[in-house]
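Trainee: I should like to work through this protein step by step. May I put my questions to you in turn?

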Amino acid sequence: MPPGTFVGVDPAAEVAALRADTSGAEPASSEAFDVVVLGGGLAGLCAAHRLAKRGVKRVVLLEAADAIGGNARSGGDCPLGAGYVPVPSRRSKLHEFAQLLKELGVTRRDVCRAPVERLYLRAEERWQRAGHVYYDVAPFRTSADRAEQRRFRGKIEAFATRRGRDGRFAFVLPVAACSRDPMICELDKESAADWLPAPGFRT
């Protein structure tokens with residue numbers, strides 16, 4: 001893969017430039033607000049949204065970069081940070097988040113569950129059809145390794161649907177909604193390095 005870098009305004013450089021400005025120039029104008037939110041990253045956007053939902057009218061959000069989003073924004077052809085969200089469901093109880101997605105017009109057709117992925121085809125202005133992504137990396141080039149990968153995926157799928165004796169799902173967001181079954185909680189005490197050899201995963 002050829003060397004490359006992200007393009008566009010570097011938020012860290014913009015903030016550094018603002019801090020280094022010691023000109024002391026008087027502002028051309030001034031305006032009063034009830035709340036000023038500094039930073040248009042995920043935390044700042046959530047804060048501004050919650051303030052607006054609670055009826056605070058005069059809210060301004062200030063961002064040093066040329067676009068909002070912070071670490072969650074798009075770099076044009078790829079995300080600059082985490083681009084994944086939990087899908088709200090009856091078991092996740094993410095009611096407030098579900099309401100936010102509804103307000104933004106995001107439906108179940110717009111999301112897909114890992115390891116299924118899809119990309120936005122910018123030239124065609126549409127989302128590609130969702131599908132499984134298999135990365136062609138060296139460890140998975142033999143038939144035995146690919147078989148082990150399929151077995152590993154099957155194990156993870158089984159975990160995704162597993163319920164504890166209390167009726168709760170073993171793994172769900174938020175974590176507080178997870179099963180408290182002692183047998184499931186025992187997994188928290190075991191590292192991945194210790195767990196992988198037991199089922200025979202070596203790749």
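Trainee: Is Lys189 buried or exposed in this structure?
Mentor: The model is a predicted one, and the values are computed from it. A residue counts as exposed when its relative accessible area is over 50%. Lys189 has a relative accessible area of 67%, so Lys189 is exposed.

Trainee: Which residue forms a salt bridge with Lys189?
Mentor: A salt bridge requires a side-chain nitrogen of Lys or Arg within 4 Å of a carboxyl oxygen of Asp or Glu. In this pair the closest N and O atoms are 3.0 Å apart. The partner is partly exposed, with a relative accessible area of 44%. The residue is Glu186.

Trainee: How many salt bridges does the structure hold?
Mentor: The pair of Glu186 and Lys189 is one of them, and the pair of Asp34 and Arg58 is another. Arg165 and Asp181 also form a salt bridge. The structure holds four.

Trainee: How many residues apart in sequence are the parts that Asp34 and Arg58 tie together?
Mentor: Asp34 forms a salt bridge with Arg58, and their closest N and O atoms are 3.0 Å apart. Asp34 lies in the loop between α1 and β1, and Arg58 lies in the loop between α2 and β2, so the parts tied together are 24 residues apart.

Trainee: Of the residues Asp34 and Arg58, what is the relative accessible area of each?
Mentor: Each value lies between the limits for buried, under 20%, and exposed, over 50%. Asp34 is therefore partly exposed, at 48%. Arg58 is likewise partly exposed, at 42%.

Trainee: In the salt bridge between Arg165 and Asp181, which residue is buried?
Mentor: The closest N and O atoms of Arg165 and Asp181 are 3.3 Å apart. Both residues lie in the loop between α4 and α5, 16 residues apart. Arg165 is exposed, with a relative accessible area of 65%. A buried residue has under 20%, and the residue with 7% is Asp181.

Trainee: In which sense do strands β1 and β2 pair?
Mentor: Strand β1 covers residues 35–38 and strand β2 covers residues 59–62, with four bridges between them. One of the bridge partners in β2 is Val59, which is matched with Val35. The sense of the pairing is parallel.

Trainee: What is the handedness of the β-α-β unit made by β1, α2 and β2?
Mentor: Helix α2 spans residues 42–53. The two strands pair in the parallel sense. Together, β1, α2 and β2 make a unit that is right-handed.

Trainee: What accessible area do Phe33, Val36, Leu38 and Leu62 have together?
Mentor: Leu38 belongs to strand β1 and is exposed, with a relative accessible area of 68%. Leu38 joins Phe33, Val36 and Leu62 in a nonpolar patch on the surface. Their accessible area together is about 380 Å².

Trainee: Is Glu148 buried or exposed?
Mentor: Glu148 is found in helix α4, which spans residues 143–161. Leaving aside neighbours within four places in sequence, Glu148 is in contact with Gly200, Phe201, Arg202 and Thr203. Its relative accessible area is 9%, and under 20% is the cut-off, so Glu148 is buried.

Trainee: What percentage of the residues of the protein count as buried?
Mentor: The protein has six helices and six strands, and it exposes about 16,000 Å². Of its 203 residues, the part that counts as buried is 16%.

Technical notes:
Residues are numbered from 1 along each chain as its sequence is written. This is a predicted model: local features need pLDDT of at least 70, side-chain atom pairs count only at pLDDT 80 or more; totals for chains, interfaces and linings use all residues. Side-chain values use heavy atoms; hydrogens and water are left out. Two strands pair if DSSP finds at least two bridges between them. A crossover is right-handed if, with the strands pointing away from the viewer, the path from the first strand over the helix to the second runs clockwise. Buried means under 20% relative accessible area, exposed over 50%, partly exposed in between (1.4 Å probe, protein chains only). Contact means heavy atoms within 4.5 Å. Patches are made of residues with over 30% relative accessible area and no salt bridge: like charges are joined within 9 Å, nonpolar side chains (Val, Leu, Ile, Met, Phe, Trp, Tyr) within 5 Å. Accessible areas come from the Shrake-Rupley method with a 1.4 Å probe; for residues, only the protein chains shown count as cover.
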